[in-house]
Amino acid sequence: MNAKLPPINLRTKALTYLARREYTKKEMVNKLELICDDRVSINKTVEQLVQHNYLSETRYIESYIQSKINKYSLNKIRYQLMQKIDDYELINKFLQQFANHDINLARHIIKKKFGQVGDCLTVTLKTKIYRYLSSKGFSYEVIKQALAN
């Protein structure tokens with residue numbers, strides 16, 4: 001594969017990545033595997049980053065939620081985070097802060113995308129709304145409640 005780099009270069013490369021954005025442990029390991037074949041030095045580098053608090057899954061979850069919370073439902077955000085982080089309790093702990101967020105966000109998206117929706121919805125418009133919001137991760141019940149108000 002690629003030529004092996006000494007551990008100091010791995011750490012420098014990892015810090016360069018972290019300067020741009022937050023990463024999970026999995027993502028950082030995958031990034032460093034592209035550079036180096038030595039799994040032991042990669043794991044050692046990642047553990048040093050975690051120890052010095054350069055790499056934090058808590059910070060990653062917070063920043064990820066803040067970047068996605070106004071676009072997607074909590075279900076979709078939870079699913080995407082579960083693909084990247086194995087600590088499901090930590091994910092649910094952060095998402096509990098936004099318990100009633102889905103209905104309000106669904107209403108906001110409906111107003112923004114489809115304008116002011118009154119009581120008399122056509123079947124085609126209702127279908128479009130359901131399809132669009134379900135692609136954003138909203139459940140049938142949440143969409144139904146958002147349309148009811």
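# Close-up views of a predicted model

**View 1. Asn 53 sits in the loop between helix 3 (39-51) and helix 4 (57-68).** The structure shown here, as in every view that follows, is a predicted model. In this loop residue, the backbone angle phi is near 65°, which is a positive value in a residue other than glycine. With a relative accessible area of 47%, Asn 53 counts as partly exposed, because that label covers values between the 20% limit for buried and the 50% limit for exposed.

**View 2. Helix 5 (residues 74-84) packs with helix 6 (residues 88-95), their axes coming within 10 Å.** The two axes cross at roughly 155°, and since an angle over 145 degrees counts as roughly antiparallel, helix 5 is therefore described as roughly antiparallel to helix 6. Helix 5 passes helix 6 in a right-handed crossing. On the side of helix 5, the residues that meet the partner are Leu 74, Ile 77, Arg 78, Leu 81 and Met 82, while helix 6 contributes Tyr 88, Ile 91, Asn 92 and Leu 95. Sorted by character, the residues of this contact are 7 nonpolar, 1 polar and 1 charged.

**View 3. Helix 7 and helix 9 pack with their axes 9 Å apart.** The angle between these helices is about 60°, so helix 7 and helix 9 are oblique to each other, and the crossing in which helix 7 passes helix 9 is right-handed. From helix 7 the contact draws on Asp 102, Ile 103, Ala 106, Arg 107 and Ile 110, and from helix 9 on Val 142, Gln 145, Ala 146 and Leu 147. These contact residues divide into 6 nonpolar, 1 polar and 2 charged.

**View 4. Helix 8 (residues 123-135) meets helix 9 (residues 140-148), with axes that come within 10 Å of each other.** Here the axes cross at roughly 130°, and the two helices are therefore oblique to each other. Helix 8 passes helix 9 in a right-handed crossing. The residues of helix 8 that take part are Lys 126, Ile 129, Tyr 130, Leu 133 and Ser 134, and those of helix 9 are Tyr 140, Ile 143, Lys 144 and Leu 147. In this contact, 6 residues are nonpolar, 1 is polar and 2 are charged.

**View 5. Phe 114 and Tyr 132 form an edge-to-face aromatic pair.** A search of the whole structure finds 4 aromatic pairs, and this view shows one of them. A pair of aromatic rings is described by the distance of the centres and the angle of the planes. For Phe 114 and Tyr 132, the distance is 6.1 Å centre to centre, and there are 85° between the planes. The pair links distant parts of the chain, since Phe 114 belongs to helix 7 (residues 101-114) and Tyr 132 to helix 8, 18 residues apart. Phe 114 is partly exposed because its relative accessibility is 23%, and Tyr 132, at 26% relative accessibility, is also partly exposed.

**View 6. Tyr 130 and Tyr 140 form a stacked pair.** The ring centres of these two residues lie 5.5 Å apart and their planes are at 20°, and because planes under 30 degrees apart count as stacked, the pair receives that name. Tyr 130 lies in helix 8 and Tyr 140 in helix 9, so the pair ties together parts that are 10 residues apart in sequence. Both residues also appear in the contact between helix 8 and helix 9.

Definitions and conventions:
Residues are numbered from 1 along each chain as its sequence is written. This is a predicted model: local features need pLDDT of at least 70, side-chain atom pairs count only at pLDDT 80 or more; totals for chains, interfaces and linings use all residues. Side-chain values use heavy atoms; hydrogens and water are left out. Axes are lines fitted to C-alpha atoms, for helices over the stretch in contact, and angles run from 0 to 180 degrees between N-to-C directions. Helices (H or I, at least four residues) and strands (E, at least two) are DSSP runs, numbered from the N terminus. Angles under 35 degrees count as roughly parallel, over 145 as roughly antiparallel, 65 to 115 as roughly perpendicular and the rest as oblique. A crossing is left-handed if the near helix is turned anticlockwise from the far one by less than a right angle, and right-handed if clockwise. Contact means heavy atoms within 4.5 Å. Ala, Val, Leu, Ile, Met, Phe, Trp, Tyr, Cys and Pro count as nonpolar, Asp, Glu, Lys and Arg as charged, and the others, Gly among them, as polar. Rings of Phe, Tyr and Trp (its six-membered ring) pair if their centres lie within 6.5 Å; planes under 30 degrees apart count as stacked, over 60 as edge-to-face and the rest as tilted. Buried means under 20% relative accessible area, exposed over 50%, partly exposed in between (1.4 Å probe, protein chains only).
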